[in-house]
Amino acid sequence: MLQVSSREKPFSVTQLSPARLATSLFATSFATRPVVVASAPGRVNLIGEHTDYNGGPVLPVALERRTAIAARAAGRWAFVSAVEQEVHEIDIEAPMRQAWTDYLVGVVRELRVLRAAPAGAEIAVTTNLPIGAGLSSSAALTVAAAKALSLMAGKRLSPAALAEIAFRAEYHQVGVRCGRMDQTIAAHGERGSALLFETASGTLQPVPLPGRLWIIETGISHRLTGGALNDRRRECEEALAYCREWRPGLNYLAQLSTADLPEVERRLPPPLVPRVRHVVTETARTRRAAGALAAGDLTTLGRLLVEGHESLRLHYQSTIPEADFIVASAVEHGAYGARLTGAGWGGAVVLLAPPEREARTVAEIGSDFQLRYGRMPVIWSTCASRGVRRETVAQ
Ligand code: GLA
């Protein structure tokens, strides 16, 4: 991982793996050793934004950066993270605290439904993912926790089951109206491949992704809970209800085609039209992008990334000026393409550039950004990595 610039972070990205750090945080916090350690990756979505809750395809990649959980059965629930280093003793039945611990509470509640939770546990969490950067630190946390805690209860759950528990924890317990993309890639990620996930049918198809992707953090954090994502999702549901008046069999917005857009324009309240336009065109772009990646046509893939960003900016209105600036600068400096990744309203840009000039391209973007905003963005790269796993940590 190349750290082009280092901004002060709420946690330190060190050479030690999150799994080893979680083990030592556990030991210092609870004065004993963990019994199970598991980790799961964050994700960068190559393309297919806001399609997962509309029945469309997504093309995410598991990051090398991960969140690790170290745990041991106990007569209570107690959580500590490397960010605060403070042990929180938690009542699983109590109302949510509007804090990071809610995600763990959500996982425990969902595991209990399946009788796959231990009676209690002490848990230490560390991550080398940036938090609030649109790179799915929450799915990494919930999927890793589902793995560690279910193992402690003597269950070996499949990646699909872990993804479902993590999704339910975030959607039903924490209350973020997310789709299933983040938990699915955190559970099923494969080294060296992006994953084409058709959310309506549930099919998963690895698409080889050689080389590295670059992540440029805008430095603007987003908070998803109860925020703009929930509003957009509501708009999409409203749009679907209007569309069903003339297409009664329609299950998802992503089933519409670009040929349906004139009718959408005639029938829907004007504010909803661009939302549908984004979902429909993004669905087509994502399938084309997967085809281009499979064929090694990175020029076409890059062009589709930029078109996707433009659609987010104009139609979904989920970008921010800093991201628009980075994408424009990327195009100017010879990248294949770039786009804001994840939910938006902050977060990070994903960039794909020819390997022989990628270091120069990102350095040029960094200095453009510094001139415009007076600070260097944090820039790093990643290969496609693997999904959730149990970790063996040397004693
Ligand atoms: C968030 C959600 C995902 C997806 C993206 C937007 O990351 O958790 O399910 O909807 O936003 O593509």
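Which residue has a polar backbone atom 2.8 Å from an oxygen atom of the ligand? Select Gly-179 and you have it: the 2.8 Å runs from a polar backbone atom of Gly-179 to an oxygen atom of the ligand. Before going further, keep in mind that this is a predicted model.

**Stop 1: around the ligand**

Select the ligand, then add the residues around it: Arg-43, Glu-49, His-50, Asp-52, Tyr-53, Cys-178, Gly-179, Met-181, Asp-182 and Ala-343. Now turn to the side chains. Glu-49 places a polar side-chain atom 2.6 Å from an oxygen atom of the ligand. For Asp-182, the distance from a polar side-chain atom to an oxygen atom of the ligand is 2.7 Å.

**Stop 2: His-50**

Stay here and pick out His-50, one of the residues around the ligand. Look along the chain and you will find His-50 in the loop between β1 and β2 (57-58). Is His-50 buried or exposed? Its relative accessibility is 5%, so His-50 counts as buried, the cut-off being under 20%.

Show its contacts next. The side chains of His-50 and Tyr-53 are joined by a polar contact of 2.7 Å. A polar atom of the His-50 side chain also lies 2.8 Å from the backbone oxygen of Ala-343. Leaving aside residues up to four places away in sequence, His-50 touches a list of residues that includes Leu-229, His-278, Tyr-316, Gly-342 and Trp-345.

**Stop 3: strand β1**

From the loop, step back to β1, residues 36-45. Colour it by burial: ten of its ten residues are buried, and the strand is mostly covered. β1 has antiparallel pairing with β3 through nine bridges. To see one of the pairs, select Asn-45 and its bridge partner in β3, Pro-60. β1 also pairs with strand β13 (residues 389-391), again in the antiparallel sense, over three bridges. Here you can select Ala-38 together with its bridge partner Arg-390 in β13.

**Stop 4: helix α2**

Now select residues 101-113, helix α2. How many of its 13 residues are buried? The count is eleven, and the helix is mostly covered. Among those buried are Tyr-103, Leu-104, Val-107, Val-108 and Leu-111. To find what covers them, switch on β3 (60-73), β4 (77-81), β5 (88-89), β6 (121-127), α3 (137-152) and α4 (159-174), which are included in the cover.

Try a distance between the end C-alpha atoms of α2: they are 19 Å apart, which agrees with the 18 Å that 13 residues should span at 1.5 Å a residue. After α2 comes Arg-115, with a positive phi near 55°.

**Stop 5: an open sheet**

Next, display β9, β10, β11 and β12. These four strands form an open sheet with antiparallel pairing, in the order β10-β11-β9-β12. Look at the edges, where β10 and β12 (379-382) stand: each has a single partner strand, so one side of each is left without a neighbour in the sheet. From one strand to the next, the twist averages 25°.

Zoom in on β10, residues 337-341. Five of its five residues are buried, so β10 is largely enclosed by the rest of the structure. β10 pairs with β11 (residues 348-352) over five antiparallel bridges, and Thr-341 has Ala-348 in β11 as its bridge partner. The two strands make a hairpin with six residues between them. In that turn, select Gly-342, which has a positive phi of about 85°.

On the other side of the order, β9 (residues 213-217) and β12 run antiparallel and are joined by four bridges. Ile-216 stands opposite Ile-379 of β12.

**Stop 6: helices on the sheet**

Keep the sheet on and add helix α10, residues 321-332. α10 packs on the sheet and touches β9, β10 and β11, with its direction at about 165° to that of β10. Then add helix α11 (residues 358-373), which lies across β9, β11 and β12 and runs at about 10° to β9.

**Last stop: helix α8**

Finish with residues 273-294, helix α8. Its 22 residues reach 32 Å from the first C-alpha to the last, close to the 32 Å expected at 1.5 Å a residue. Just after α8, select Gly-296, where phi is positive at about 75°.

Technical notes. Residues are numbered from 1 along each chain as its sequence is written. This is a predicted model: local features need pLDDT of at least 70, side-chain atom pairs count only at pLDDT 80 or more; totals for chains, interfaces and linings use all residues. Side-chain values use heavy atoms; hydrogens and water are left out. Buried means under 20% relative accessible area, exposed over 50%, partly exposed in between (1.4 Å probe, protein chains only). Two strands pair if DSSP finds at least two bridges between them. The expected span of a helix is 1.5 Å times one less than its number of residues. Axes are lines fitted to C-alpha atoms, for helices over the stretch in contact, and angles run from 0 to 180 degrees between N-to-C directions. Contact means heavy atoms within 4.5 Å. A residue is near a molecule or strand if one of its heavy atoms lies within 4 Å of it. A polar contact is a pair of N or O atoms within 3.5 Å; within protein, one must be able to donate a hydrogen and the other to accept it, and residues adjacent in sequence count only if both atoms are side-chain atoms.
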